[in-house]
Amino acid sequence: MTDPHVADHELDVAGRPSTGLLSRINAPVARLGMYLSVTGLLVIVTIVFYQVFGRYVLNSSPTWTENLALVVILYVTLIGAAVGVRDAGHIGMDSLLVMLPDRAREKIELVIHVLVAGFGVAMAYNGWILGASVGTVKIPNLGLPEVIRYVPLIASGVLIVSFSIEHIIALLRGEEVVPSWN
């Protein structure tokens with residue numbers, strides 16, 4: 001008995017798992033990105049806890065905690081977003097695609113992945129330009145160069161391009177990118 005909530009094309013066109021070189025590289029990179037994002041969340045919780053503890057228990061709030069938490073949030077969200085592109089964890093409107101014939105759906109998915117790759121290129125390029133423009137500026141209370149705020153934008157852009165290319169290749173080969181957390 002089949003699940004009535006699963007579209008027919010999902011049963012017929014499941015596609016074999018992608019085993020290409022890019023998939024063998026991207027899967028562990030995405031897994032590492034996910035681990036780093038989860039670790040970053042734990043670091044943010046620790047920093048904020050320390051700030052609250054300092055403010056209400058020690059009566060001396062550390063000045064560096066807020067700036068550091070904001071920097072770590074950039075890494076968590078941007079690297080996590082890139083991993084979401086590979087693992088198809090990003091927001092999408094699949095309800096319209098499911099109603100289309102397989103060939104039309106595959107062509108639209110290709111266009112979507114090309115557009116996402118273009119967005120990744122724009123992220124990496126503009127992150128590089130912005131980072132270069134503030135290369136000598138220091139973050140207040142941390143003493144670190146302001147450019148560290150733009151590193152995750154560049155890295156995320158590069159990862160999004162790589163993950164999108166992986167999806168494009170898999171679609172053209174009739175394969176499916178297996179999420180890295182499986």
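User: Where do I start with this one: what pattern does the protein follow when read along the sequence?

Analyst: Start with the order of the elements. Along the sequence the pattern is α-β-α-α-α-α-α-β, which comes to 6 helices and 2 strands. Keep in mind that this is a predicted model.

User: Fine. How many residues are there, and what percentage of them count as buried?

Analyst: Burial gives you a quick feel for the inside versus the outside. Here the protein has 182 residues, and 35% of them count as buried. Another handle is how far apart in sequence the contacting residues are. Among contacts between residues at least 6 apart, 75% join residues at least 24 apart.

User: Now the interior. Which residues make up the largest nonpolar core?

Analyst: To read a core, look for buried nonpolar residues joined through their side chains. The largest one in this model has 11 residues: Ala 30, Leu 78, Ile 79, Ala 82, Val 83, Val 85, Met 123, Leu 153, Leu 159, Ile 160 and Phe 163. Two elements, H3 and helix H6 (151-173), give two or more residues to this core. H3 supplies the largest share, with 5 residues. There is also another core lying apart from it, of 5 residues, including Ile 44, Ala 69, Val 72 and Val 76.

User: Take one member of the big core. What does Ile 160 touch, not counting residues up to four places away in sequence?

Analyst: Skipping sequence neighbours leaves the contacts made by the fold. Ile 160 touches Ala 82, Val 85, Val 116, Gly 120 and Met 123 on that count.

User: And how do I read the packing of two helices? At what angle do the axes of H3 and H6 cross?

Analyst: Check the axis distance, the crossing angle, and then who meets whom. The axes of H3 and H6 come within 8 Å and cross at roughly 5°. Angles under 35 degrees count as roughly parallel, so H3 is roughly parallel to H6. On the H3 side, the residues in the contact include Leu 74, Tyr 75, Leu 78 and Arg 86, while those of H6 include Val 151, Pro 152, Phe 163 and His 167. By type, the residues of this contact divide into 14 nonpolar, 3 polar and 2 charged.

User: What about polar residues? Is Asn 26 buried or exposed?

Analyst: For a polar side chain, look at accessibility first, then at possible partners. Asn 26, in helix H2 (residues 21-56), counts as buried because its relative accessibility is 3%. With which side chain does it pair? The side chain of Asn 26 makes a polar contact with that of Ser 162, at 2.9 Å. Beyond neighbours within four places, Asn 26 is in contact with Arg 86, Ser 162, Phe 163 and Glu 166.

User: Let me try Thr 65. Where is Thr 65 found, and which backbone oxygen lies 3.2 Å from a polar atom of its side chain?

Analyst: Same routine. Thr 65 is found in helix H3 (residues 65-86) and counts as buried, because its relative accessibility is 0%. The backbone oxygen of Pro 62 is the one lying 3.2 Å from a polar atom of the Thr 65 side chain. Leaving aside neighbours within four places, Thr 65 is in contact with Ile 47, Tyr 50 and Gln 51.

User: How do sequence distance and spatial distance compare for Thr 39 and Val 76?

Analyst: Put the two separations next to each other. Thr 39 and Val 76 are 37 residues apart in sequence, with 8.5 Å between their C-alpha atoms. Thr 39 is in helix H2 and is partly exposed, because its relative accessibility is 45%. For another pair, Glu 109 and Leu 97 are 12 residues apart along the chain, and their C-alpha atoms are separated by 8.5 Å. Glu 109 is found in helix H5 (residues 102-133), and its contacts beyond four places in sequence are Leu 97 and Leu 171.

User: Last one, backbone angles. What is the phi of Asn 59, and of Asn 141?

Analyst: Most residues other than glycine have a negative phi. Asn 59, though not a glycine, has a positive phi of about 60°. Asn 59 lies in the loop between H2 and H3 and counts as exposed because its relative accessibility is 71%. Asn 141 also has a positive phi, of about 70°. Asn 141 sits in the loop between H5 and H6 and is partly exposed, with a relative accessible area of 49%.

Methods:
Residues are numbered from 1 along each chain as its sequence is written. This is a predicted model: local features need pLDDT of at least 70, side-chain atom pairs count only at pLDDT 80 or more; totals for chains, interfaces and linings use all residues. Side-chain values use heavy atoms; hydrogens and water are left out. Helices (H or I, at least four residues) and strands (E, at least two) are DSSP runs, numbered from the N terminus. Buried means under 20% relative accessible area, exposed over 50%, partly exposed in between (1.4 Å probe, protein chains only). A polar contact is a pair of N or O atoms within 3.5 Å; within protein, one must be able to donate a hydrogen and the other to accept it, and residues adjacent in sequence count only if both atoms are side-chain atoms. Contact means heavy atoms within 4.5 Å. A nonpolar core is a set of buried Ala, Val, Leu, Ile, Met, Phe, Trp, Tyr and Cys residues joined through side-chain atoms within 4.5 Å. Axes are lines fitted to C-alpha atoms, for helices over the stretch in contact, and angles run from 0 to 180 degrees between N-to-C directions. Angles under 35 degrees count as roughly parallel, over 145 as roughly antiparallel, 65 to 115 as roughly perpendicular and the rest as oblique. Ala, Val, Leu, Ile, Met, Phe, Trp, Tyr, Cys and Pro count as nonpolar, Asp, Glu, Lys and Arg as charged, and the others, Gly among them, as polar.
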